[in-house]
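Hi everyone, thanks for coming. Please have a look at the structure on the screen, and then I'll walk you through it.

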Amino acid sequence: PGGVGAYRILVRTQDGKEEVFGPFNPPERPFAEVAWVGEGVGYQIFPERFYNGDSSNDALALETDEYRFNQVWQRSSGARPHLSRWGDPPSLLHCCHQYFGGDLAGVLAKLPYLEALGVTVIYLNPIFDSGSAHGYDTHDYLKVSPKFGDKALLRRVLDEAHRRGMRVVFDFVPNHTGLGFWAFQDVVKRGPRSPYWNWYFIKRWPFVPGDGSAYEGWWGLGSLPKLNTANPGVKRYLIEVAKYWVRFGFDGVRVDVPGDLLNPHAFFKEMRAALKAIRPDVYLVAEIWQRDPSWLQGDEFDSLMNYAIGRDILLRFARGGNLALYNARRALADLARVYALYPEAVAGMGFNLITSHDTARLLTELGGGGLKDIPSPEARARQRLAAAMLYALPGLPVTFQGDECGFTGERPADPPQELNRYPFQWERCHGETLAFYQELSRVRRELPALRSAVFRTYYGEGYLLAFFRGEPGEGEVLAAFNSGLEAASLPLPPGGWRDPIEGRTYRKEVSVPPLGFRYLLHLGQ
Ligand SMILES: [Ca+2]
């Protein structure tokens, strides 16, 4: 109270020894949390495979596809982009050029579904004009992809989402463009005489578009020419694009492969300053898969995509199995390490996920099999366990579309089919799993401790893991998870602890069911 001063940390070990560390000084400019993030429940939409709300625009996918611009592809005998019906089997081009017709009208139509799921934050995969189903090869940063709709429809989606208390985050791809981007096309035509020659890294000219040996591409791919973001003109252009969409009404930005940019930290410092000047509570998320606080110093991003929590900790724990390989004690230590690494504000607005369009589906990861398999009850239980952990952490739990319906989908390497992105088969939604996710949202709304930034470790032995959420005392939550096949007994701290799902109150100890969990609300002494 009355301001923040220097502080010390007192550590008391189990054998009663005490040691004092410090004094430490708090940062001069404390990192401010974007308050709406950690309060919410997140959901990722991959628009081409979510819901087809307007079949009249389906064929536009073919007219705008990369194939039009990729002369290497045109001269090859390989498969061509094509349209499929919603439930058709995946083709060899499933990942990127097999189109099913999903669009923004589909997103608009399903907002009531998302509201019933408790979703308050939508992360949209790229929706701008591009040459693929995934949209990471931008042709026009300022145009909505015609296969998805137009700006007026996007306006309606944002307005209707906002009216329902939802925020929307767009996907921004500054590292590379698609072949159809106007600056790249100008370089193709005019070569060194093009004013955009230095927007890219061209090795020789003239060249055939699609020939990855003629210019730098992302991961060497000829279809994704890399932008020179150290060029002030490129940087200015891209930051103006981001500003445009924030002004348009988006609430946050997810940035694709920020670590691959040239001079990335300079770029994102400038981007943050520009966007926060428009909207101080705009939310900035980086696609960085590892633990890395260098992006989170208060002057670049608000969060990473926390695969490092969801996959490296939660998923490994939820798989159970050989305790020598991974166990609750290690999971608890790993969680403690993450939350010691980041400022509390960063934890509180963490973008927490286990799966996305870039991973196999959650149920598949937990033993549920591939697209055509029938998952076992154990795999389904492990998915519920993993989801319950995700919803109990500080920050925003983000579910990839369809995981809440218990779908499966693997990612075969050859050919790379990305079956996790198979169209959302609405009539096949697993009702019990959906009801479970709805319940998780409801409990998160009901228990403020689960929405706070405060995290403390409690217990980690064998398959049983538990941590506290929220300030100590009445109202805090003890969250316990059992990844083993037998019930496990958890000793409770003093006082009464109520399980809000089951409605019973426990003292001294509680049994956590096999592959089960409990959120326990502290009732005080
Ligand atoms: Ca459509």
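**A metal site and two domains**

Let's begin with Asp54: its relative accessible area is 27%, so Asp54 is partly exposed, a label that covers values between buried (under 20%) and exposed (over 50%), using a 1.4 Å probe and protein chains only. Asn52 is also partly exposed, because its relative accessibility is 22%.

A word on the background: this is a predicted model, where local features need pLDDT of at least 70 and side-chain atom pairs count only at pLDDT 80 or more, while totals for chains, interfaces and linings use all residues. Residues are numbered from 1 along each chain as its sequence is written, and side-chain values use heavy atoms, leaving out hydrogens and water.

Which protein donors does the calcium ion have? They are Asn52 (OD1), Asp54 (O), Asn57 (OD1), Asp58 (OD), Gly101 (O) and Asp103 (OD), at 2.3 to 2.5 Å from the ion. Donors here are N, O and S atoms within 2.8 Å of the metal, or 3.2 Å for Na, K and Ca; water is not among the atoms, so sites may look incomplete. Along the chain, the donors of the calcium ion are spaced as N-x1-D-x2-N-D-x42-G-x1-D.

Now for the domains. Domain 1 covers 36-175 + 233-451 and domain 2 covers 176-228, with bounds from an automatic or database domain assignment. Their C-alpha centres are 28 Å apart. In contact (heavy atoms within 4.5 Å) are 23 residues of domain 1 and 21 residues of domain 2. Between these two domains, the rule finds zero salt bridges, meaning a side-chain nitrogen of Lys or Arg within 4 Å of a carboxyl oxygen of Asp or Glu.
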